[in-house]
Amino acid sequence: MNKFFKKAVKQTEFYVFLIIIVLSLVIQARSGLFFANNNIVDLLRSMIVPSIYAICALLAFVSTGPDVSFPMIAALSSYLALTVTNRLGLGGAPWIITFIIGILFGCLMGALNGVIIVRYKFPSLIVTLGTSSIFSGILLGAFEAERMDLPQNLAAFGKASLLTVKNAKTGLGSTLPMTFLIMIVLYIIAYLVLNKTIMGRGVYAVGGDEVSAERAGFNVKGIRFGIFVVNGGVAAVAGLCYAVMSMRYLPTEYAGGEMIVIAAIILGGTRMTGGIGTLKGCLLGTLLLTMVSNSLILLGISVYWQRVFIGAIIIIGTAISAIQSHAGVRVKTRLKKEAA
């Protein structure tokens, strides 16, 4: 038990978990509504899309660097998937067919990021900023995308619910959509790949030390290219999940989500320098920011303060990451001197 506790207190996730507990108790004390069944379901519902985005951000940060294109990949791939579904008359087909179409388009867009970053060794932040702008221009300029009703298969999927609750005191009800299961499945797959396969070890090795990873036999370029392809596919799933949960496609609702997601994973312990980050931290960071976003009204605080909190979290998280990185370098330098 003592060994487990000592290990836990060294992890960033432990402190994020404590903050979540304290904040939930404060909100409950102030409002009396935090632990209401409908509020818990609303929190879980609000976490779905940001949590899926967080997988994209984690994979990019751990292996290569920041990826800020996933919201616009989600927007464009969703539009293309819905358009193809309608044009080919696939509205009566299983909903997963539309998701597969979206994933294919998302993977192509992610491959564009991967080719530019890997082949020309450009910074991932600059490349994904550029492609994000390109995807946005294609969506809103070339295609002139507008609000769109969902095809029959996605509309039926959106109406299905995993759980429905009603608060006896307030009379307010909430539903947990089936897309929650999609998020769970993605996290299980990501966990198994990152923690139980050679490929997953390669992702962390490449982000930690590219030269050492190459000497160990990992295909550095292949792994980095594959990460951005996977990110594109995962972003497409997130985009379609958002459309399903909204019961319509809204092209202008996707932009800007990357900052909250990046703040969440940094808060959850992901290092901006690469090589370190966990899916557990992604979920905890996303939960904390979702609580901040959804519960400010319960505390009587203006929602405009949300941006202040998120900005502060990014700065603090970046500072902690830099301090930890410098501390690690100092330890390695000291050990080398002692060995010499």
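Let's start on the surface: Y15, F17, L18, I21, L25, F35, I40 and L44 make a nonpolar patch of about 690 Å². A patch here joins Val, Leu, Ile, Met, Phe, Trp or Tyr side chains within 5 Å, from residues with over 30% relative accessible area and no salt bridge, that is, no Lys or Arg side-chain nitrogen within 4 Å of an Asp or Glu carboxyl oxygen. Areas come from the Shrake-Rupley method with a 1.4 Å probe, and for residues only the protein chains shown count as cover.

Please keep in mind that this is a predicted model, where local features need pLDDT of at least 70, side-chain atom pairs need 80 or more, and totals for chains, interfaces and linings use all residues. Residues are numbered from 1 along each chain as its sequence is written, and side-chain values use heavy atoms, without hydrogens and water.

Which elements give two or more residues to the patch? They are α2 (12-31) and α3, and α2 brings the largest share, 5 residues. Helices are DSSP runs of H or I, at least four residues long, numbered from the N terminus.

Now let's go inside. The largest nonpolar core has 68 residues, and I52, Y53, I55, F99, L139 and Y249 have the most contacts inside it. Such a core is a set of buried Ala, Val, Leu, Ile, Met, Phe, Trp, Tyr and Cys residues joined through side-chain atoms within 4.5 Å, with buried meaning under 20% relative accessible area. Helix α3 (residues 37-63) gives the largest share of this core, 13 residues. Another core, of 10 residues, lies apart from it and includes F34 and L267.

Note on methods
Buried < 20%, exposed > 50% of the residue type's maximum accessible area, 1.4 Å probe, protein only. Patch = residues over 30% accessible without salt bridge, like charges linked within 9 Å, V, L, I, M, F, W, Y side chains within 5 Å.
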